[in-house]
Amino acid sequence: MRHWRKCQLSANFLMVLISQSFGALDPAISRVGSVQRNCSDSEYWNPAGFCCDKCHPGFKLEKVCPKSGTRSKCVPCENGTYIDSSNYSENCSSCENCKKKNAVVKSQCKRHSNSVCECESGYYMNIIDKPVSLTWKCSPCSKCGYNQLKTGECVGQNNTKCQCKEKHYPVDKNNCEPCVECRTDGCEYLCTSSTPPNVLRSDNPTKPTNTLPEVLVPVCACITVLGVGLFMVYEGIRLWRKRQLALSPQLSLPHSEVKFEDKPMIVTISPDTESVPFTNQPCKTELCRELPDCVPREIKTHEFFYFVLDEVPVGRFRELVRRLGVSEQEIERAERDHRSFKDAQYQMLKVWGDSGNGGGNNILSCHLIQIFLDILKTMYLAGCADSIENKFLSQDRSGSH
């Protein structure tokens, strides 16, 4: 019987340990089973397993996107409601009512912003519930009392600020009295002696004091500050010019000033040696006309655009088209007219391609593509730039050597 009870106690103890172990593992299991959510700031996670775009401020979500690459359906907020940020909420917030006593409307409520209230002249907004800042009322502005000076105006959420005159101390909130003893707050000047301190005299009164170190210290400090300021201005101008050259490396130079490295190279064979040296001589116009390798191949617009859509990340695409010079109106028009993300992005690239100096109908020039690659590199998307360059420009450059 005693042996049986020992076995039963051991079994109960083992069951407790097992239950605690499973309880500790539950959070880890739930974390492992969770789906990685990698959506941009303008998107939210759809429980179906993909990212959907958020609604713009002033719009609420009516229908989520049915699949990845499609847009959510958003509708404007009703009158008297608003949403002031990008969202995927199905309801808009109610506008604040400025009908409190002595309150007026500073700005009306709109779909993308709440109404702003303020108090009439002679009143200030008294916040009652400070942690939340939702409960407030308009309280009359205070007036400075006897022997007080105004140090702050009554405006917004601030009441009138007052303080005692010089050599006065506060009796209560609205009254001050002249100082009579130094132990009172504001009357500490009475505690100091009225006689000036003794001045130490030198043994030799005719010997002038050495004031040179006292003058050198502020002069050196001023020179140091001025030097640091000039250096910062110089560095700022240098970095700004470097950034401008990086954004438009070829547009800012005339045709005659194109970098020497960008000109085609001619291979000359020496009769005395078997090696083939490369000379840094630009390809002449007559030779380029005779050699078909000097003419770049045609690059179709649709072929280039669809390849770019597969390479550039979706979250960086808006930044790219903005850097290419596409306006916000063209971006919004493309998103509004095309329900598919890819069609909208294709339209943005087409606006850029039509505005540039292309090679003809549905053909892009190598110069325009090189500008495109330079902008990708300034966005730290060198991998995308290399893929596009290998796809469309590698053959042209290999053929020009």
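Buried means under 20% relative accessible area. That cut-off is needed at several stops below, beginning with C179, which is buried, and C187, which is buried too. The model on screen is predicted.

**Stop 1: C179 and C187.** Select these two cysteines. A disulfide joins them, with 1.9 Å from S to S. The angle about the S-S bond is -80°, and the link of C179 and C187 is left-handed. In general, a disulfide is a covalent bond between the sulfur atoms of two cysteines. The structure holds 11 disulfides, and two others are on this tour.

**Stop 2: C52 and C65.** Select this pair next. The sulfur atoms of C52 and C65 are 1.7 Å apart, and the two residues form a disulfide. Torsion about the S-S bond is about -80°, so the disulfide of C52 and C65 is left-handed. To see what the bond connects, colour strand β2, residues 50-53, which contains C52, and then the loop between β3 (59-63) and β4 (73-76), which contains C65; the pair therefore ties together parts that are 13 residues apart in sequence. Are these residues buried or exposed? C52 has 1% relative accessibility, so C52 counts as buried. C65 also has 1% and counts as buried.

**Stop 3: C77 and C92.** Move on to this pair, a disulfide with sulfur atoms 2.0 Å apart. The bond between C77 and C92 is left-handed, with -80° about S-S. C77 sits in the loop between β4 and β5, and C92 in the loop between β5 and β6 (93-94), so the pair ties together parts 15 residues apart in sequence. Both C77 and C92 are buried.

**Stop 4: C220 and C222.** Why does C220 have no bond to C222? The closest cysteine sulfur to that of C220 is in C222, at 9.4 Å, which is too far for a bond. C220 has 45% relative accessibility, so C220 counts as partly exposed. C222 is in no disulfide; its nearest cysteine sulfur is that of C220. At 53% relative accessibility, C222 counts as exposed.

**Stop 5: confidence.** Colour the chain by pLDDT. The mean is 75, and 68% of the residues reach 70 or more. Now select residues 195-208, where the pLDDT is below 50; this stretch has 0 contacts in the model beyond near neighbours in sequence. Residues 249-295 also stay under 50, but for them the model has 42 contacts beyond four places in sequence. Finish with two elements of the chain: strand β5 (residues 81-82) has the highest mean pLDDT, 95, and helix α3 (residues 285-290) the lowest, 36.

Methods. Residues numbered from 1 in each chain as written. Predicted model: local features only at pLDDT ≥ 70, side-chain atom pairs only at ≥ 80, totals over all residues. Heavy atoms only, no water. pLDDT = per-residue confidence, 0-100. Helix = DSSP H or I, 4+ residues; strand = E, 2+ residues; numbered from the N terminus. Contact = heavy atoms within 4.5 Å. Disulfide = S-S within 2.5 Å. Buried < 20%, exposed > 50% of the residue type's maximum accessible area, 1.4 Å probe, protein only.
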